[in-house]
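Dear colleague,

I am handing over the structure we spoke about, with the sequence and coordinates placed just below. After them you will find a summary of what came out of the analysis.

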Amino acid sequence: MSESDKYPEDSGRRRFVKGVVGGATLAGVGATGVAGINSATSSTGAGGGTTQAFAIENTAGPAPRGMPQIPIEIDEEGYLKGVWPEVKTVEENGVSIQIAETEDYQGSGVTYSSEWFQYCGVESYAGIEPDYDSDNYFISGSNPGYDWQSEELSEGDRLNVSMFEDYQSWGNGIGASGLGKPATGRWRSEDAEDTIPIQVIRSPRIEQMAQDDPWLQASTDQGFVAWLNKCTHFCCVPGYKQAEDAAKFDAADDVYCQCHQSVYDPFSLVETLFVARPRPE
Ligand code: FES
């Protein structure tokens with residue numbers, strides 16, 4: 001985790017947390033101190049704070065945690081969407097703020113919140129605004145990083161189930177074939193300066209895992225799993241079977257970040273706890 005990720009300059013809340021960590025313990029602060037916490041919280045940007053998210057597991061390298069999962073939805077024509085949580089207005093210490101949060105997501109017992117994505121500067125991206133106007137489809141970019149995707153798709157095309165029919169056998173010479181077929185894209189980034197990078201894999205493993213897992217049943221579909229593709233170390237964009245040198249780090253069948261060799265397992269979805277950064281006001 002970078003220093004800026006832990007203690008963003010623009011966050012009164014995080015400055016307070018830093019003060020607590022480095023100074024007096026909360027136990028000694030008393031009632032006045034508690035009021036201080038509340039006012040510090042309300043004076044910062046909206047949302048943020050301690051957040052529990054589902055993530056593809058970080059298994060090696062310096063990254064502090066996994067990358068957050070994006071629940072999938074497939075429309076009646078087979079196009080893939082990342083689900084955005086329900087937009088609500090809540091009062092926080094007398095201030096109205098918008099949040100995006102779905103409690104008990106599809107009966108899984110999991111609270112799915114847009115705070116999952118508030119790190120690495122993404123918290124300031126337009127698409128992270130709760131009410132950002134987007135159809136939420138996953139869109140292929142100009143340089144997707146896979147030959148199959150460059151050959152079959154143009155910049156701006158939506159990802160569709162029909163493009164993944166060979167998912168049980170696909171391979172590209174990196175690691176084993178048949179684990180799943182990947183694609184890259186962007187999400188909630190129409191007309192936005194900063195695009196939100198995503199990666200998706202359709203895998204027989206995910207289909208199997210979803211059979212007896214309420215969260216995976218709710219958040220994956222037809223073997224598709226997706227995540228926000230920003231390394232939680234220093235925010236590079238990693239890749240699944242994209243880098244030849246992944247094999248050197250035993251990551252040929254994993255998601256691998258070339259910047260400092262962090263490795264993530266896309267077939268291990270785990271709960272992760274972190275301090276989400278607030279959205280700027
Ligand atoms: S390992 Fe450092 S940015 Fe990914």
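I begin with a single pair of residues, since it leads into the main sheet: Q52 has L273, in strand β13, as its bridge partner. That pair belongs to the antiparallel pairing of β1 with β13 (residues 262-276), which runs over eleven bridges. Please keep in mind throughout that this is a predicted model.

On confidence, the mean pLDDT of the protein chain is 87, and 84% of the residues reach 70 or more. Over residues 1-44, however, the pLDDT is below 50, although this stretch has 34 contacts in the model beyond near neighbours in sequence, and I would ask you to read those contacts with that value in mind.

As for the overall make-up, the protein chain has six helices and 13 strands, and of its 281 residues 41% count as buried. Among the contacts with a separation of 6 or more, 68% come from residues that are 24 or more positions apart.

The main sheet

Eight strands form an open, antiparallel sheet, and their order across it is β8-β9-β10-β2-β1-β13-β12-β11. Its edges are β8 (181-187) and β11 (239-240), each of which pairs on one side only. Besides its pairing with β13, strand β1 (residues 49-60) also pairs with β2 (residues 67-70), again in the antiparallel sense, but over two bridges. In those bridges A55 is matched with P68, while I56 is matched with M67. The two strands, β1 and β2, form a hairpin with six residues between them, and in its turn G61 has a positive phi of about 90°.

The second sheet

Three further strands form an open sheet in the order β5-β6-β7, and here too the pairing is antiparallel. The edge strands are β5 (87-92) and β7 (112-113), each pairing on one side only. Between β5 and β6 (residues 95-102) there are six bridges in the antiparallel sense, and E91 stands opposite S96 of β6.

The core and the surroundings of β10

The largest nonpolar core has 56 residues, and those with the most contacts inside it are F138, I198, V200 and A226. This fits a general pattern, in that nonpolar side chains tend to be buried together in soluble globular proteins. Leaving aside neighbours within four places in sequence, A226 is in contact with Q69, I70, I72, G82, I198, Q199 and V200, two of which, I198 and V200, are themselves among the residues with the most contacts inside the core.

W227 lies in strand β10 (residues 224-228). Is W227 buried or exposed? It counts as buried because 27 other C-beta atoms lie within 10 Å, where 20 or more are required. Not counting residues up to four places away in sequence, W227 touches I56, M67, P68, Q69, I70, I198 and Q199, and among these I56 and M67 are the bridge partners already named in the pairing of β1 with β2. The C-alpha atoms of W227 and P71 are separated by 8.1 Å, although the two residues are 156 apart along the chain.

With kind regards

How values were computed: Residues numbered from 1 in each chain as written. Predicted model: local features only at pLDDT ≥ 70, side-chain atom pairs only at ≥ 80, totals over all residues. Pairing = 2+ DSSP bridges. Helix = DSSP H or I, 4+ residues; strand = E, 2+ residues; numbered from the N terminus. Core = buried A, V, L, I, M, F, W, Y, C linked by C-beta atoms within 7 Å. Buried ≥ 20, exposed ≤ 12 C-beta atoms within 10 Å, placed from the backbone. Contact = placed C-beta atoms within 7 Å. pLDDT = per-residue confidence, 0-100.
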